[in-house]
Amino acid sequence: MSTETLTIGKALNLGLRKAMEDDAKVVLMGEDIGKLGGVFRITDGLQKDFGEARVVDTPLAEAGILGTAVGLAMRGYRPVCEIQFDGFVFPAYNQIVTQVAKMHARSKGRLPMPIVIRIPFGGGIGAVEHHSESPEAYFAHTAGLKVVAVSNPVDAYWGIQQAIAHPDPIVFLEPKRRYWEKAEVDTDATPDPLFASRVVRGGDDVTVLAYGPMVKTALQAAEAVAEEGRSLEVVDLRTVSPLDLEPVFESVRRTGRCVVVHEAPVTLGLGAEIAARVTESCFHSLEAPVLRVGGFDTPYPPSKLEEEYLPDLDRVLDAVDRAMEF
Amino acid sequence: MTALPETTEMVDPVPGADAPHLPQRSELVQLLTPEGERVEHPDYALEISDEELRNLYRDLVLVRRWDVEATALQRQGELGIWASLLGQEAAQIGAGRAMAADDMAFPTYREHGVAWTRGVDPLHVISLFRGVDNGGWDPVATGFNLYTVVIGAQCLHATGYAMGLQRDGAENATLAFLGDGATSQGEVNEAMIWAASFSAPVVFFCQNNQYAISVPLERQSRVPLYQRAAGFGFPGVRVDGNDVLAVLAVTRQALQAAREGQGPTFIEAFTYRMGAHTTSDDPTRYRLASELEEWKLRDPIARLKAHLSRQDKADAAFFESVEREADQLAERIRGGTVDMPDPDPAAMFDTVYAEQTPWLAAQRDEFVAYRASFEEAGE
Ligand SMILES: Cc1ncc(C[n+]2csc(CCOP(=O)(O)OP(=O)(O)O)c2C)c(N)n1
Ligand SMILES: [Mg+2]
């Protein structure tokens with residue numbers, strides 16, 4: 001067994017390195033990812049070790065990054081594209097939605113698109129406009145794409161490798177404000193499957209669902225209510241498309257209450273889909289409606305207000321209380 | 001089964017990646033040498049009084065002081081981030097002062113010098129970087145659009161605005177700012193196509209500061225940027241971006257041509273980002289200190305100062321008074337920043353739509369009540 005204490009950022013870096021060692025067709029592309037190692041240093045040192053053909057500092061053009069990734073994928077490469085910040089994926093949105101997502105179906109399976117689109121997402125870092133967005137629903141709404149959102153170093157290390165090895169295009173969301181969170185990672189372990197949710201804390205009163213940066217917040221809420229003698233079951237969804245809700249249904253059938261937490265605006269966010277499915281599958285067990293805690297239906301605010309906008313411990317506790325009082 | 005080709009071992013470097021760049025022609029428009037010597041250019045005559053020269057000097061010094069103060073404020077935790085204009089003062093002041101009152105500027109996030117020339121209060125720019133709002137100035141009243149952070153998007157806005165001016169028969173033009181990196185964006189190229197197709201009165205003002213964060217110009221272009229304009233069908237000019245006089249003359253002429261219906265011009269202001277990309281950046285990871293030393297010799301302020309002193313166009317008292325004014329400005333910026341009130345949290349709901357929707361109004365009410373519940377609980 002070889003265990004290391006890693007941050008999410010470093011775990012991603014090591015995972016990328018491993019994927020590049022394992023498969024010579026893996027090519028990293030993005031703005032500032034080479035010499036600089038990316039603005040978050042996730043690709044630090046990789047260009048030095050793997051060369052400029054495998055770690056490509058691209059021109060400043062996101063449509064170009066994703067569009068050329070399609071061609072490279074057709075040629076048998078496995079492009080791993082870094083989008084510098086969530087808010088800058090939109091110039092590439094056309095390529096992602098109309099080409100990357102649809103090529104497999106269009107070609108009757110002849111042209112697989114093993115492309116990974118890495119996006120640091122979410123708020124809480126005191127940034128200016130476009131650096132704090134949670135665009136996962138746009139991608140989850142697009143057939144042909146898979147969407148993963150990691151919450152911890154273990155999933156970061158394994159998840160990035162699994163995503164790269166996977167034949168379908170994957171939007172791989174990295175919780176940027178948690179890049180520096182640490183955990184022990186056993187690099188010899190057998191990883192959990194990529195598209196599976198995970199119960200990260202057992203409990204009986206309310207099932208709380210989260211992914212990416214909000215998992216930590218959900219766990220804090222569980223900690224806080226434990227002092228009052230209540231117990232929350234916390235599920236890290238890990239993948240937002242496809243959703244793995246069987247463990248969630250099992251949990252909700254026991255607790256009868258369900259709260260979904262994400263940073264993205266509530267309207268038509270992942271919580272809406274989850275609430276519908278939980279209601280369909282667990283209707284007779286529900287003691288309260290499925291509640292959603294998310295961002296408001298406003299543009300992400302200037303950073304002085306982001307703590308007001310983002311779901312925090314209190315907002316999760318408030319929803320837990322409302323679910324309990326029902 | 002797929003019919004993908006089996007490729008052989010990947011070649012590194014990719015063949016052609018290091019193809020030689022076309023030789024750069026030295027067609028740099030310059031009216032003031034780095035040593036401060038006034039030179040003439042056949043296409044760009046500039047009549048300028050001593051007083052105007054002193055005013056330009058004052059502009060340059062004041063915006064640099066603003067910039068230095070803002071960087072310090074960020075270091076002290078008063079700003080979330082700051083995008084420094086250090087080294088690009090002449091490009092921005094020259095361009096800004098070339099504009100007429102009713103022309104419209106479309107800046108990126110670094111055009112503090114242009115903001116200054118449009119009468120925008122520095123604190124209204126600071127408030128964006130402090131996280132209070134997305135820029136506190138009135139874009140209509142100042143003729144200076146709000147900062148655009150998504151690279152290149154503003155070039156299309158400037159083109160559309162210019163098309164509007166054209167339709168209205170207004171004798172004005174727009175000035176679209178962009179960086180060297182931005183020239184790679186599809187939207188920027190679309191803007192140039194639109195501008196050309198409609199002969200829109202827009203001038204593209206590209207500050208080639210040699211880098212897009214860490215990525216050097218060579219990754220964006222194999223030809224000097226100003227030469228790209230020819231492919232779109234309008235003139236391209238490369239100007240010494242550290243020479244405020246040359247920038248002023250070139251931009252004036254391009255704006256005038258646009259106003260007169262001659263269509264767009266692309267100006268490449270050849271300059272250097274003397275600081276980090278932003279306060280979050282560490283340039284030692286991607287460029288040599290010697291490069292900066294070289295560019296310090298072409299400092300935009302030093303050369304105008306040398307010119308003014310040597311030609312007896314300004315005396316010691318003038319330079320001292322500008323320094324004093326800069327100190328006062330810095331003090332005002334510091335005080336205004338530290339005392340800047342935080343925004344009203346509920347305001348984030350208020351300007352999303354022209355008229356508040358019932359759903360958002362309900363969300364706002366809930367938000368206000370939720371916050372009040374903490375205040376009642378004395379938390
Ligand atoms: C669409 C988009 N992609 C990426 C970014 C992140 N980013 C901010 S500034 C920058 C480099 C810009 O370089 P350049 O156009 O040369 O302007 P400069 O910053 O040098 O003034 C990048 C990549 C962005 N703001 N927008
Ligand atoms: Mg640049």
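**Two ligand sites in a predicted model**

In this predicted model, ligand 1 is surrounded by 21 residues, and the closest are A:Glu62, B:Tyr109, B:Arg110, B:Val149 and B:Gly181. These names carry two chain letters, and indeed ligand 1 lies between chains A and B. Sorted by character, the shell around ligand 1 is made up of 11 nonpolar, six polar and four charged residues.

A look at individual atoms adds detail to this picture. A polar backbone atom of B:Ile151 is found 3.1 Å from a nitrogen atom of ligand 1. Oxygen atoms of the ligand take part as well: one is 2.9 Å from a backbone N or O atom of B:Tyr211, and an N or O atom in the side chain of B:His277 lies 3.4 Å from an oxygen atom of ligand 1. On its own, ligand 1 has 580 Å² of accessible area, and the protein covers 96% of it.

B:Tyr211 appears again at the second site, that of the magnesium ion (ligand 2). Here the ion is coordinated at 2.1 Å by B:Asp180 (OD), B:Asn209 (OD1) and B:Tyr211 (O). Along the sequence, the spacing of these donor residues reads D-x28-N-x1-Y. B:Asp180 belongs to the loop between β3 (174–179) and α7 (186–197) of chain B, while B:Tyr211 sits in strand β5 (residues 211–212) of chain B, so the pair ties together parts that are 31 residues apart in sequence.

How accessible are these two donors? B:Asp180 counts as buried because its relative accessibility is 1%, and B:Tyr211, with a relative accessible area of 9%, is buried too; the cut-off for buried is under 20%.

Terms used. Residues are numbered from 1 along each chain as its sequence is written. Chains are lettered from A and ligands numbered from 1 in the order in which they are written. This is a predicted model: local features need pLDDT of at least 70, side-chain atom pairs count only at pLDDT 80 or more; totals for chains, interfaces and linings use all residues. Side-chain values use heavy atoms; hydrogens and water are left out. A residue is near a molecule or strand if one of its heavy atoms lies within 4 Å of it. A polar contact is a pair of N or O atoms within 3.5 Å; within protein, one must be able to donate a hydrogen and the other to accept it, and residues adjacent in sequence count only if both atoms are side-chain atoms. Accessible areas come from the Shrake-Rupley method with a 1.4 Å probe; for residues, only the protein chains shown count as cover. Ala, Val, Leu, Ile, Met, Phe, Trp, Tyr, Cys and Pro count as nonpolar, Asp, Glu, Lys and Arg as charged, and the others, Gly among them, as polar. Donors are N, O and S atoms within 2.8 Å of the metal (3.2 Å for Na, K and Ca); water is not among the atoms, so sites may look incomplete. Helices (H or I, at least four residues) and strands (E, at least two) are DSSP runs, numbered from the N terminus. Buried means under 20% relative accessible area, exposed over 50%, partly exposed in between (1.4 Å probe, protein chains only).
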